Amino acid sequence: MQFTSEQRLDDGVLEREFTLGEIPGTLWTPESAAPVPLILMAHNNGLPKAQPRLVARARYSAAQGYAVATIDAAGCGDRPRSAADEQARADLRRAMQAGEPVDEIFESFIGPLVEKAVPEWRTTLDALLSLPEIGGPVAYSGWTAVGIRLAVVEPRIAAAGFFAGGYVPRAQREEARQVTIPLLFLLQWDDEGNPRQRALDLFDAFGSKEKTLHANLGGHTGTPWFEVEDGDRFFGRHLK
């Protein structure tokens, strides 16, 4: 892991950009002399790590005493996309504008994104846990599709917060039964692009004995800020 830049922000949080092979990422750490727990934070469906809502969540959590890291996985952010990825995204835009079914198009590029992203997240986790300022435990927050697979294959993930918005491939809907860690699931009741019943069925499928559903009125990007604060209280119960 090579740090390429750093700056101390107004809230005392240290923000550092890094590269790990071809993987670009950002790490936020609090002002703390002791090793702190880690939250891996991923945005939905390949949006960039610099997306303002993700950055705001990361900075808030870091100021509360967590290390927070995010990456641009393959095909996400500024990383190059394959011709197949570009065609799938073009097909998706056309189908949505025409009011046509989009599930199979989502399957064609979200499924491969998950398959590529999870190994890179695990590689990043290895590198992060080697840093003296990070001591664990580890949680995951964000993109449900990646989070499900990561929770199933990565025993170091102790708790997870998932956002119901964003397409979850059929393979991950089946894997949800294998997720047994404590779980907080956030649902926007009026999310125009994600059927409510599908999200409720997914919550029902999770195998966790401790799982909580928070549902709020509003569209896809309308998650209230207090859910970020509640999320940190949830992580506090399982990481600190």
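Before counting, I settled what makes an aromatic pair: rings of Phe, Tyr and Trp, with the six-membered ring standing for Trp, pair if their centres lie within 6.5 Å. I also kept in mind that this is a predicted model.

**Entry: aromatic rings**

With that rule in hand, I counted nine aromatic pairs. I picked out Phe162 and Phe206, whose ring centres are 5.7 Å apart and whose planes meet at 45°, so I noted the pair as tilted. I then checked where the two partners sit: Phe162 belongs to strand β7, while Phe206 is in the loop between α6 (196–205) and β9 (211–216). They are 44 residues apart, and I wrote the pair down as a link between distant parts of the chain.

Buried or exposed, I asked of Phe162? I found Phe162 buried, because its relative accessible area is 0%. Phe206 came out at 3%, so I put Phe206 down as buried too. Next I followed the ring pairs outward and arrived at a cluster made of Tyr140, Phe162, Phe185, Phe203 and Phe206.

**Entry: cavities**

I went looking for enclosed space next. How many cavities of 30 Å³ or more are there? I got three. The largest cavity has a volume of about 170 Å³. Its lining is made of 15 residues, and I noted Ser141, Glu227, Val228, Gly231 and Phe235 as the closest to the centre.

I sorted the lining of the largest cavity by element. At least two residues come from each of α1 (52–63), β7 (157–163), β8 (183–188) and α7 (226–239). Which of them gives the largest share of the lining? That is α7, with six residues. By character, I tallied eight nonpolar residues in the lining, four polar and three charged.

**Entry: two stops on helix α3**

I stopped first at Glu107, which I placed in helix α3 (residues 103–128). I had to check the cut-off here: buried means under 20% relative accessible area. Glu107 has 15%, so I logged Glu107 as buried. Leaving out neighbours within four places in sequence, I listed the contacts of Glu107 as Pro112, Tyr167, Pro169, Arg170 and Arg173.

My second stop on α3 was Thr124. I recorded Thr124 as buried, because its relative accessible area is 0%. What does Thr124 touch, not counting residues up to four places away in sequence? I found Phe18, Leu20, Ile23 and Ile71.

**Entry: a cis peptide bond**

I was pleased to come across a cis peptide bond, which joins Gly136 and Pro137. Its omega is about -5°. I traced Pro137 to strand β6 (residues 134–143).

**Entry: Arg196**

I found Arg196 in helix α6. Its relative accessible area is 34%, so I called Arg196 partly exposed. What does the side chain of Arg196 reach at 3.0 Å? I traced that polar contact to the backbone oxygen of Trp189. Trp189 also turns up in my contact list for Arg196, together with Leu187 and Asp190, with residues up to four places away in sequence not counted. I checked one more distance: Arg196 and Ala164 are 32 residues apart in sequence, and their C-alpha atoms are 8.8 Å apart.

**Entry: Trp225**

I located Trp225 in the loop between β9 and α7. At 40% relative accessibility, I filed Trp225 as partly exposed. Not counting residues up to four places away in sequence, I saw Trp225 touching Ala56, Arg57 and Tyr60. I also took the C-alpha separation of Trp225 and Leu183, which are 42 residues apart along the chain, and got 19 Å.

**Entry: Ser32**

My last look was at Ser32, in the loop between β3 (23–29) and β4 (36–42). Ser32 has 40% relative accessibility, so I marked Ser32 as partly exposed. Which backbone oxygen lies 3.1 Å from a polar atom of the side chain of Ser32? I found it to be that of Ala34. I then compared positions with Glu22, 10 residues away along the chain, and found the C-alpha atoms of Ser32 and Glu22 separated by 30 Å.

How values were computed:
Residues numbered from 1 in each chain as written. Predicted model: local features only at pLDDT ≥ 70, side-chain atom pairs only at ≥ 80, totals over all residues. Heavy atoms only, no water. Helix = DSSP H or I, 4+ residues; strand = E, 2+ residues; numbered from the N terminus. Buried < 20%, exposed > 50% of the residue type's maximum accessible area, 1.4 Å probe, protein only. Polar contact = N/O pair within 3.5 Å; in protein donor to acceptor, adjacent residues only side chain to side chain. 1 Å grid on protein atoms, 1.4 Å probe; cavity = no way out; pocket = protein on both sides within 12 Å on 5 of 7 lines; lining within 4 Å. Points joined across faces, edges and corners; volume = space filled by probe spheres on them. Nonpolar A, V, L, I, M, F, W, Y, C, P; charged D, E, K, R; others polar. Contact = heavy atoms within 4.5 Å. Phe/Tyr/Trp six-rings, centres within 6.5 Å; stacked < 30°, edge-to-face > 60°.
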